[in-house]
Amino acid sequence: LCAMQARRGRVVRPLLDWSPEALRAYLKERGERWREDETNGDAVYTRNRIRAEVMPALMEAYPGAVSALCRLACAAQRDEAYFEAEIQQLSLTRRKLVDGVALIREELAAVDAALLSRVLAHELTERGFGTQDAQTIARIAAAVRSGDGESVNLTGGAHACTGGRYVCLIHGQVSVLETP
């Protein structure tokens, strides 16, 4: 929902608010040349099909749709910045594992429900587990809340294992050692 941002870290996109038509007209008026990305017209890319088919239909049905989507993206960016600041203020205990990290389940369970899924997604991304889908994050969050032991498969063969005390994020295969 946040869409592409005009400024994110060191990346600045000063022309993001300009439409392609307005940019071309501006350059043409000044006699400047420009290059078009040849992939922009290729319908194999979802972004191009949305731009060519979905957006015109949406604007026809709802003339104020683009403005509404821009307002939604601005609100989502504001909310995302707030949640990110909240995550940075948390002081979660992390224990390094050979192939991952362990977090204290009770600390995670104490996090507000609105923030927990974002905390989990943040931890997974920061620890190199990549982006996980919403259902995966929801399963981990439910296991954190319930305290039930559960192993949730992550992309790339990784796992999130929830037990009574810890939530372990493990890059490799989970192996269970049998004790005599």
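The following exchange concerns the sheet and the largest pocket of a predicted model. Residues are numbered from 1 along each chain as its sequence is written. Because the model is predicted, local features need pLDDT of at least 70 and side-chain atom pairs pLDDT 80 or more, whereas totals for chains, interfaces and linings use all residues; side-chain values use heavy atoms, without hydrogens and water.

Trainee: Which strands are the edge strands of the open sheet?

Mentor: Strands are DSSP runs (E, at least two residues), numbered from the N terminus, and two of them pair if DSSP finds at least two bridges between them. The open sheet has 5 strands in the order β3-β4-β7-β6-β5, with antiparallel pairing. Pairing on one side only marks the edge strands, β3 (94-97) and β5 (150-153).

Trainee: Which residue in β7 stands opposite Thr 162?

Mentor: Strand β6 (residues 159-162) runs antiparallel to β7 (residues 166-170), and 4 bridges join them. Opposite Thr 162 in β7 stands Val 167.

Trainee: Which element gives the most to the lining of the largest pocket?

Mentor: A pocket is an open set of points on a 1 Å grid over the protein atoms alone, where a 1.4 Å probe fits, with protein on both sides within 12 Å along at least five of seven lines; lining residues have an atom within 4 Å of a point. The largest pocket is lined by 40 residues. Helices are DSSP runs (H or I, at least four residues), and the elements giving two or more residues to this lining are α1 (20-29), α2 (46-61) and α3 (65-89). With 9 residues, the element that gives the most is α2.
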